[in-house]
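Please look through the sequence and the coordinates below before reading on. The text then goes from one residue to its surroundings, and from there to the whole chain.

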Amino acid sequence: MAMEERGGSESNDFGDREALNFHIRGRPGKIEIIASKPMATQRDLSLAYSPGVAAPVRAIAADPDAAYDYTIKGNLVAVISNGTAILGLGNLGALASKPVMEGKAVLFKRFADVDSIDLELATEDVDKFIAAVEIMEPSFGGINLEDIKAPECFIIETTLKERMNIPVFHDDQHGTAIVAAAGVINALHLTGRRPEDAKLVVNGAGAAAIACTELIKAYGVKTVLMCDTNGVIYQGRTKGMNQWKSAHAAITDDRTLEEAMRGADIFLGLSQKGAVTAEMVASMAPQPIIFAMANPDPEITPEEVARVRSDAIVATGRSDYPNQVNNVLCFPYLFRGALDVRATSINEDMKLAAANALADLARQQVPDEVAAAYGGKARTFGRDYIIPTPFDPRLIEQVPVAVAKAAIASGVARKPFTDEAAYRRELRMRLNPTQSVLAGAVEAAQSHPRRVIFAEGEQEVVLRAAVSWQTSGYGTPVLVGREAPILEGLARLAVTDVSAYEIHNSSVSPLVPEMVERLYARLQRRGYLRRDVQRMVNHERNVFGSLLMEMGVGDVMITGVTRNFATTYRQVRHVLDPLSGRRPFGVHMVIGKSETIFIADTVVTERPDAGQLATIAEETAAVVRRLGQEPRVAFLSYSNFGNPPGEIVGNIREAVALLDERGAAFEYEGEVSADVALNPALKALYPFSRLSGPANVLIMPGLHAANISAKLLKELAGARVLGPFLVNMASPVQIAPMTASAGDLVTMAVLASTGVVK
Ligand SMILES: NC(=O)C1=CN([C@@H]2O[C@H](COP(=O)(O)OP(=O)(O)OC[C@H]3O[C@@H](n4cnc5c(N)ncnc54)[C@H](OP(=O)(O)O)[C@@H]3O)[C@@H](O)[C@H]2O)C=CC1
Ligand SMILES: CC(=O)C(=O)O
Ligand SMILES: [Mg+2]
């Protein structure tokens, strides 16, 4: 997101209150543990616990490696801290570090499907810390040390690496160094500099700073001045020194950061908020490279830099500016690769491989399916994109493969892979690409704020969605309803600045006369009297809201929580039309762990004929592609390829033949039963089937089957079911289910406003 698009704001678009609410909502914190095996029956209990559990116990006692087969060990990483250097907030103790450590654990899961648990150890004693961690080796596949201050972190990590036979990795040192090095390589490339000619100034001489400096020196940067709270670290300095700082002591007359910064090509900030001034930045060399990486607030903000330098490449550790240089780009993927080949350690070769993979990725052309993850906004390598963003769906494939290969080549992999293509496939399957698209759409929504008409503005759930829309920076909520209840509702939600919300009351709106004229012109030849139309405009919020859309008051309309779909749809269609020549239909999305299943048409056409089925399939396939997945369409029935025969089966077979005739450019098959479509073992009974894998688009034979199965899944399956999404309307209108949460409403609005669903 470019700075101007943020409106030049220098603060978060959310406050502490929202961050606290986020953490307290539902289950406190950010983690829960779920069972990976069913625990439904007496038999399950016997297998999982006594007596069944004795079998894996004996197997592991006989062969310790069997723990990787029979327990979670091989995919479990401990995030361990004592809270002595929590981000850039300082030594606030073990307990206070827990939100960060829980956060790291969920990032492991979200980005690389690594299970992770946080452990906060209440000690600043190095020996006690080491003793506690080393005896935990049986439990974990790897140890991620976090937010432990220097110089203790160096002793802790070195000793644990010597004593433990699983990867031990201090994220603040090496994770940060890998990502910073990738960014520096690309920034040097962009500014046409050679590493050996560049002057680097590092502010901070702790865990992150020392490791970053070492890695960047290994890449060829020779002239380095490092500073800490006592200024420049020069040869001969005695105050506040230790052996790790001494290794980087320079021969120089500079004594302060201000002096060191003069003429510097690169600045790395790994110290504290506000440590750098605009004057210092102004004194740097042309095209300065400025990585202000302190969290949560950088040494200097990109806005402050922009005021004095227009030629700088700027990165921070935060996700709300371009170029996020943060170890989140590294640790999930590095451990993924290390765990997958059961590496005994994470060595220099693996770190270099990760840095190079990250740097390469940013330089690659962004393919269309990845652009979908950015809401269609293609990224190109340049000043505002020197490093991939955390939601880039290619990271899960490229970085772990590079790391695993380096582990194999350097001899630390205990279980090398032999088939790289199969490993890449396995990695891709770990994450659901739709999640990346949703994340990308959110980013796109923030950079192109839109006006959303919430037609049911007095409803509590709608107000919560509207507040979330506004505070997330997606744009202006336009609320339909009476002013007093809406203002009361906003006050209950602690909104202080109501000027950010627009309220339209259909009883008193000055737009009503024009609305009546427009609608009467449209409906008079459908048997509506002027007074019928007047009543509809005044009393039917969906009609009023749709007219607001029609008159350009909003960009997107969201409704649906107070009336059933059919009623709402009828009201909307009084005013708004489908795309020319198109027939609207509905798609539900069932968002699973590694894939999303799409079901259509779940809302409009009761008994689609063959032509309609074929068109629904084609248009759903287009939606699926925009959501980052390659469609594999199954036309569902109770029968498989004509067996048993039946009346509605003919329609479906004809739809498949029509797609053949039309030369449809996606995989499709039918008619098949749901289990043959989804279960590879059953599909194998039909080896001629044209689907290359389980279907992800289920085209239902009729509205009954579609709507019932979507709702059954929502109520029973425990999966996240979104929709129905209304496709093919000329203006972006979405009709949510009456059960929609505020989050669902926002997601629907985001997908509609970014054109991912249309
Ligand atoms: N973007 C990212 O991915 C990451 C960012 N970081 C950030 O780096 C910073 C340091 O973290 P970490 O290395 O773990 O912590 P440490 O406690 O190990 O090191 C902190 C270092 O910063 C120095 N320092 C503090 N304030 C100043 C100042 N005003 N001017 C100069 N030096 C200063 C300290 O100096 P002295 O030695 O004199 O006490 C010390 O050397 C934090 O802000 C953290 O958020 C860390 C990891 C990853
Ligand atoms: C990002 C991180 O790990 C830190 O700031 O400490
Ligand atoms: Mg950290």
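Does Phe331 count as buried or exposed, and how many C-beta neighbours does it have inside 10 Å? The model is a predicted one, and in it Phe331 has 31 C-beta neighbours inside 10 Å. A residue is buried if 20 or more other C-beta atoms lie within that distance, so Phe331 counts as buried. Phe331 is part of helix H14, which covers residues 331-340. Apart from residues up to four places away in sequence, Phe331 touches Asn144, Asp171 and Gly175. Met700 is 369 residues from Phe331 along the chain, and the two C-alpha atoms are separated by 42 Å.

The next group of residues comes from an annotation. In an unreviewed UniProt entry, the feature "binding site" is placed at Glu146, Asp147, Asp172 and Asn295. These positions are spread over 150 residues of sequence, yet they cluster in space, with a largest C-alpha distance of 13.7 Å.

Asp172 lies in helix H8. Its C-beta neighbourhood holds 26 other C-beta atoms within 10 Å, so Asp172 is buried. When neighbours within four places in sequence are left aside, Asp172 is in contact with Glu146, Asp147, Ala207 and Ala208. Two of these partners, Glu146 and Asp147, are themselves listed by UniProt under the "binding site" feature.

Asp147 is located in the loop between S3 and H7. Although Asp147 is a residue other than glycine, its phi is positive, near 50°. Asp147 counts as buried because 27 C-beta neighbours lie inside 10 Å. The loop between strand S3 (142-145) and helix H7 (152-163) also holds Pro151. The peptide bond that joins Ala150 and Pro151 is cis, with omega about 5°.

Asn295 sits in the loop between strand S9 (289-292) and helix H13 (302-308). With 18 other C-beta atoms within 10 Å, Asn295 is partly exposed. Residues up to four places away in sequence not counted, Asn295 touches Leu87, Gly88 and Gly317.

One of those partners, Leu87, has a backbone feature of its own. Leu87 is not a glycine, but its phi is positive, about 45°. Leu87 belongs to the loop between strand S1 (76-81) and helix H5 (98-112). Which exposure class does Leu87 fall into? Leu87 counts as partly exposed, because there are 16 C-beta neighbours inside 10 Å.

A second cis peptide bond runs from Ser50 to Pro51, with omega near 10°. Pro51 is found in the loop that links helix H2 (42-48) and helix H3 (54-62). UniProt, again in an unreviewed entry, places the feature "domain: Malic enzyme N-terminal" at residues 28-161. Over residues 28-161 the chain is 40% helix and 12% strand, and the end C-alpha atoms are 34 Å apart.

Helix packing can be followed at two places. Helix H8 (residues 171-190) and helix H15 (residues 348-363) have axes that come within 8 Å and cross at roughly 40°. H8 and H15 are therefore oblique to each other. The crossing in which H8 passes H15 is right-handed. On the H8 side the residues that meet H15 include His174, Ile178, Val179 and Ala182, and on the H15 side they include Lys351, Ala355, Leu358 and Arg363.

At what angle do the axes of helix H19 (residues 433-447) and helix H31 (residues 742-753) cross? The angle is roughly 75°, and the axes come within 9 Å. H19 and H31 are therefore roughly perpendicular to each other. Leu438, Ala441, Val442 and Ala445 of H19 make this contact with Thr747, Val750, Leu751 and Ser753 of H31.

The last step is the protein as a whole, which has 31 helices and 21 strands. Its radius of gyration is 29 Å, close to the 27 Å that the globule rule gives for 758 residues, so the protein is as compact as a globular protein of that length. Taken along the principal axes, the C-alpha atoms fill a box of roughly 95 × 65 × 45 Å. Of the 758 residues, 47% are buried. Among contacts between residues at least 6 apart in sequence, 71% join residues at least 24 apart.

How values were computed. Residues are numbered from 1 along each chain as its sequence is written. Chains are lettered from A and ligands numbered from 1 in the order in which they are written. This is a predicted model: local features need pLDDT of at least 70, side-chain atom pairs count only at pLDDT 80 or more; totals for chains, interfaces and linings use all residues. Helices (H or I, at least four residues) and strands (E, at least two) are DSSP runs, numbered from the N terminus. A residue is buried if 20 or more other C-beta atoms lie within 10 Å of its own, exposed if 12 or fewer, and partly exposed in between; C-beta atoms are placed from the backbone. UniProt positions are given in the numbering used here, feature names are shortened, and annotations may be inferred rather than shown by experiment. The radius of gyration is taken over C-alpha atoms; the globule rule is 2.2 Å times the number of residues to the power 0.38. Two residues are in contact if their C-beta atoms, placed from the backbone, lie within 7 Å. Axes are lines fitted to C-alpha atoms, for helices over the stretch in contact, and angles run from 0 to 180 degrees between N-to-C directions. Angles under 35 degrees count as roughly parallel, over 145 as roughly antiparallel, 65 to 115 as roughly perpendicular and the rest as oblique. A crossing is left-handed if the near helix is turned anticlockwise from the far one by less than a right angle, and right-handed if clockwise.
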